[in-house]
Structure formats: structure tokens, C-alpha cells
Amino acid sequence: MTFSLFTSTALVLGLLEAAPLVLAAIGFTLIFRLNGFTNVAYAENITLGAYFAVIFNSMFGWNFYAAIIPSALLSGLFSVLTYLVIFRPAFKRGVGKTELIILSVGLSFFVRYGSRLIFGNDLFNFTFDNPSYLSAFGIGITSIQLTCIALVVVISLGIYFFIYRTNYGERMRALADNENLAMISGINPTKVSILIWFIAGAAGGLAGVFYGAFSFVSPSLGYNLILIIIMVTIVGGVGSVRGSLAASVGVGIITSAVTLLSKPLYGQVVLLILFIGILKLRKVRI
Amino acid sequence: MEQLLSGYVIYSLAFLLIFISLATLLHLQFSLAGIVNFGVVGFWGLGMYSFSLLLVKGKVPFVLAVILACMITGIVSWILGRIILNLDDQAVLVGTLAFATIIEYLSTSEKWLTNGVMGLGTVNFPFNFGKKSLLVYSLILLVFTVLLMLYTYKLKKSPYGRLLLSISDNEKLSQSLGKSTFRQKNIFFTFTCALIGFFGAMAAPLYSFIFPRMIGSGVTFTIWIALMLGGRKKLFGGLIGVIATIGLFDYVIETVIPIPTQYAEIVPNIKFCVYGLMLILVLMFRPFGILGDKKMEIVK
């Protein structure tokens, strides 16, 4: 393989890898920014999003693109449900930061194995109507992949605009920075929190759908991604939506470059070792 | 009687002993030193794999292989501790989780060394007493578990235990009293992780064949739920928790209740689902577990 072909292959595969990651990282970052804890149960949001799309696409026979919308809404609702039933009562009870993470791990196992009971341990594939094969930089790519990447770009720009340019985004940032001050200014914390958890959940669900569209849907889809997502948000600067956008693209390209050079698992191993190193270098609070 | 002592009951009890020891070690790390180790299975798996490799491929004698496996686990955890232990809890949690994932990936991908998913074996008992081998081995495990419990009991009463407790309670304060908190934490982390590796090595002959899927994140999670359920601040928290989770599910339910074969594969799913629910309920309503106090300290 020549150098230029290698770079372009790594670039295209990396972008494909990064596309769902961008959405997941943004959603994860929103919850982290707002409530200040690592929500491991976010992994299940991603998985459930993919399963919702499977239900609409395979069982009801909807078009893949039509199935995206209800699955995003449903995963948003699921996210709000976890907030209202589990996390909000936990905040009120004064559960510590570390215990919150353990709590989210418990929720993650509950939902993951609960959905295994419903959907079984099988893998699912989406059905597409006549995908066409295109070529980008000399690498084969399907029209589905191209559309998914375009959708990811549009959606993430939309969320970005929402967070940094609209009134609600400003309220969310105010709430995250200083809850008491935000409440004095007349911001309703519950309303804003529900909105943010909804957006984060919908973004996670969409990430699951696109990830499933690129490969397949399995019960551990989200859990396999969550470490990388946490890593991306740390590399991108904690709680920064801009940073996680850039970091996910970078991580996607690095993984695919390492994977091209060696076995697939090495890409992950190299990434995780880098990650532990980065934890040390930045000395940040996750 | 003869059949009972060589059979499934003893085998189950031996595993319970391994998990009770792991939960007690986690209790030491989490409740005494305040280290949020979410990579227990990584250290356990490292001990198990390095021991089995030394024994099977290196033809190293049993006892020496156990000692070397402890040392390998200790050195690796010392390096990891140097990197992450002076960061905050969430970083420690994610760092140890990442470490365990690396070990799991490597055990799968390094086929030349570990045989990958084909499994590594056979790991035999260090002695051969015919049918009584398992019983003798379990008694040795019992001795080690009791020793660990005694050590935990003594440590919590000793000045060193108080030092560790002061670090986990208020690290800045104990630093200002002239204690090198990071160093103490790392030494204790290395020591306890080496012990986790020790119990990994000791578990290998019980399995006799070692597969990557044995060292999945489910193990770490099971130990955590056991400790949280039993009471993380109590000496016997791990013991009670392991009996209430693994003892109840893996042995009582799976052996006593006859499960039709077509449902056999959903039993682990139900198990982890219930474990998750149990963990949520414990943290919400009884944060200090069965043995702990009812009320939670109000931290504002």
C-alpha cells in the first residue's frame, strides 16, 4: 500500500468510525457538563437507540431513514426517564460523585441484560433499499454511509448551535456553572435538565443507529463504545462540546490508522494506553 | 460422602472463597484507602494468565509460578498506580477500567502466547491425592481466605490502617500533617493488587482451562455489587455480599431449581439484570449495605 493510499484509507475509515462517535460524545458531554458525573448508563442509551431503529426498520418494515426519527425520540425519552426515576432522586438524596458512577454502572447492567432478555443475544442488521456503491479518494463507500455522515454533520452542527447560540443553551450552561445563581435568575432547573437529558439521549440513540448501520446491532454495542466515548470527552477538554467534536474525529482517524497497520484489537489497546497517559498529562477532573 | 467431597459442592465453595477474598480486598482498597478500583478483573486476570503461562508454557514449579505471578501483577499495578492514583476518583475509576479492558483484549489478541479464545491449559493441582485433590486445595484456599480476613481485621486497628483511612477521608489534611499520601496509597494499591493477582493464580487450577471470556467486566461488577450489598465499610461485608449474590444465584438457584435446558442461556441475563437492580436499590435506599447503618452521612 502506498503512503497516499494509506492516508486516504485511514482518513475515510476514520471519518466513518468517528461519525457516530461525534454524536455520542456530544450527548455524553452535555450530561457531564450539566450534572458533573460520568454516566456509564449512557452506553445503554446508544444500544437502545439502535434497537428502537431495528424494531421500526425490521419488524414494522419502515424505511431506514424513516425509522431514525422515532428511535431518536424514544431514546431521548428513555434518557429523560433515567434522569427522573434514578438520577434526580439520587442527587436529592445527596449520593456522592463516586457512588453516582457506581449507580450508573448498576443501571447500565440492568438495562443491558434486561434488553438481552427482550431481544435475545442475536445480532441484527438493518435492511436498506438498494444502496449504491460510490468511491471516495479511491476507497469504496456506500450511499448509506455517505448519507449517515452528512446527517451526523447536520445534527451535530444543530446541537452545537443550540448550546452556544440559543437561550436554552445559555440556560443550560448557566445551570451547569452555578445552580443557585441560575435559579435566582429565574431558570427552572428541572425543565432545563429534562431538555438537556432529552437531547443527550436522542444524540446517543442516533449514534447507536448509525453505528448499527455501519456494522450490526448487538446487545453490547453501547458498552463497547463507552470507554472510547469517555476518553474522547477527556481528550477534547472536559465538558466542552467543541472539544469533543474535534477529539472524536481525531480518535476515529488514529484508531483506523493503527487498525490498518495491525490487528483490529491493537487499535483499541493503543488507544486505551494513550488514554491512561492522557489522564496523567492533563491531570483533569473527569 | 466420598462423592460429595470431590464433587460440585466443594468446587462451588472453592470459588466462593476466591470471590470472598476478592471482595475483601476491594473492601480494603475502596473503604480503607479510598481507591475506586473498577479493574479488579484486570489484576485478577493478569495474575491468572501469568501464572498459567509460567506453569504450562514455562514449566516453572507451582509455588514459584504463584510468587512470580504476584510480582508481575504487583509491578504492573505499581506502574498504573504511579500514573493514576494522584488523580481524582473518576479518573481512577476510568483508568482501572481501561486497564482491565486492555488485559482482556490482549488475552484475546495474543494468540501466540495465550492461545486466544481456544483457551490455555491444562493447569493442574500442585499435588495429586486422587479424588481428594480438590478438597485439599479448597482447604488451602480456606486458610488463605481466613488469613486475609485476619489481616484486614488487624490492619483496620493498626496505625497504618488509620493512616490510610485519614488519606481517604481528607487527603489534603493528611498531607499537611507530613504524610506522603500518594506514596502510601500506591504502596497499598500495589500490595492489594498483587494479592488480587495471587487469588487469580490460585483460581487457575480450579478452572484448569483459561479463556479470555472469564476475565470480562462481569467479574468486576459482581464483586462490586457483592461488596456494596454486604456493606462496604464492614469486615464481613464482602463475605455476606458474595454469599447473597454468587452463592445464591450461581449455586443455589442453578443447582437446586431445575431449569429447562431451553431457558438455560437466559439465566445469566436474568442474573446480571437482577444484580444491576440490586445495586441501584442498595445505593438509593441502603447506601452502606446489609451490615451497614441505615442512614447515610449527609455530605453537603
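In which loop of chain B is B:Lys59 found? The legends below, which describe a predicted model, open with this residue.

**Figure 1. Close-up of B:Lys59 in its loop.** B:Lys59 is found between helix H3 (40-57) and helix H4 (62-84) of chain B. The phi angle of this residue is near 55°, a positive value in a residue other than glycine. Because B:Lys59 has 8 C-beta neighbours inside 10 Å, it counts as exposed.

**Figure 2. Close-up of B:Ser208, a non-glycine residue with positive phi.** For B:Ser208, phi is about 60°. The residue is found in the loop that runs between helix H10 (181-207) and strand S2 (209-210) of chain B. B:Ser208 counts as partly exposed, because 13 C-beta neighbours lie inside 10 Å.

**Figure 3. Close-up of B:Ser133 in helix H7 of chain B.** Helix H7 spans residues 133-157 of chain B, and B:Ser133 is found in this helix. With 16 other C-beta atoms within 10 Å, B:Ser133 is partly exposed. When neighbours within four places in sequence are left aside, B:Ser133 is in contact with B:Phe125, B:Phe127 and B:Asn128. The C-alpha atom of B:Ser133 is separated by 37 Å from that of B:Ser158, and the two residues are 25 residues apart along the chain.

**Figure 4. Close-up of the crossing of helices H11 and H13 of chain B.** The axes of H11 (residues 217-230) and H13 (residues 267-285) of chain B come within 10 Å and cross at roughly 40°. H11(B) and H13(B) are therefore oblique to each other, and their crossing is left-handed. On the side of H11(B), the residues that meet H13(B) are B:Gly218, B:Phe221, B:Thr222, B:Ile225, B:Met228 and B:Leu229. Their counterparts in H13(B) are B:Phe272, B:Tyr275, B:Met278, B:Leu279, B:Val282 and B:Leu283. By class, this contact has 10 nonpolar, two polar and no charged residues.

**Figure 5. Close-up of the contact between chain A and chain B, seen through the residues of chain A.** Chain A gives 39 residues to the contact, and chain B gives 39 residues. On the side of chain A that touches chain B, at least two residues each come from helix H3 (64-92), helix H4 (97-119), helix H9 (221-235) and helix H11 (264-282) of chain A. H4(A) gives the most to this side, with 15 residues. The residues of chain A on this side comprise 24 nonpolar, seven polar and eight charged.

Technical notes: Residues numbered from 1 in each chain as written. Chains lettered and ligands numbered in written order. Predicted model: local features only at pLDDT ≥ 70, side-chain atom pairs only at ≥ 80, totals over all residues. Contact = placed C-beta atoms within 7 Å. Helix = DSSP H or I, 4+ residues; strand = E, 2+ residues; numbered from the N terminus. Nonpolar A, V, L, I, M, F, W, Y, C, P; charged D, E, K, R; others polar. Axes fitted to C-alpha atoms, helices over the stretch in contact; angles between N-to-C directions. Parallel < 35°, antiparallel > 145°, perpendicular 65-115°, else oblique. Left-handed = near helix turned anticlockwise from the far one by under 90°. Buried ≥ 20, exposed ≤ 12 C-beta atoms within 10 Å, placed from the backbone.
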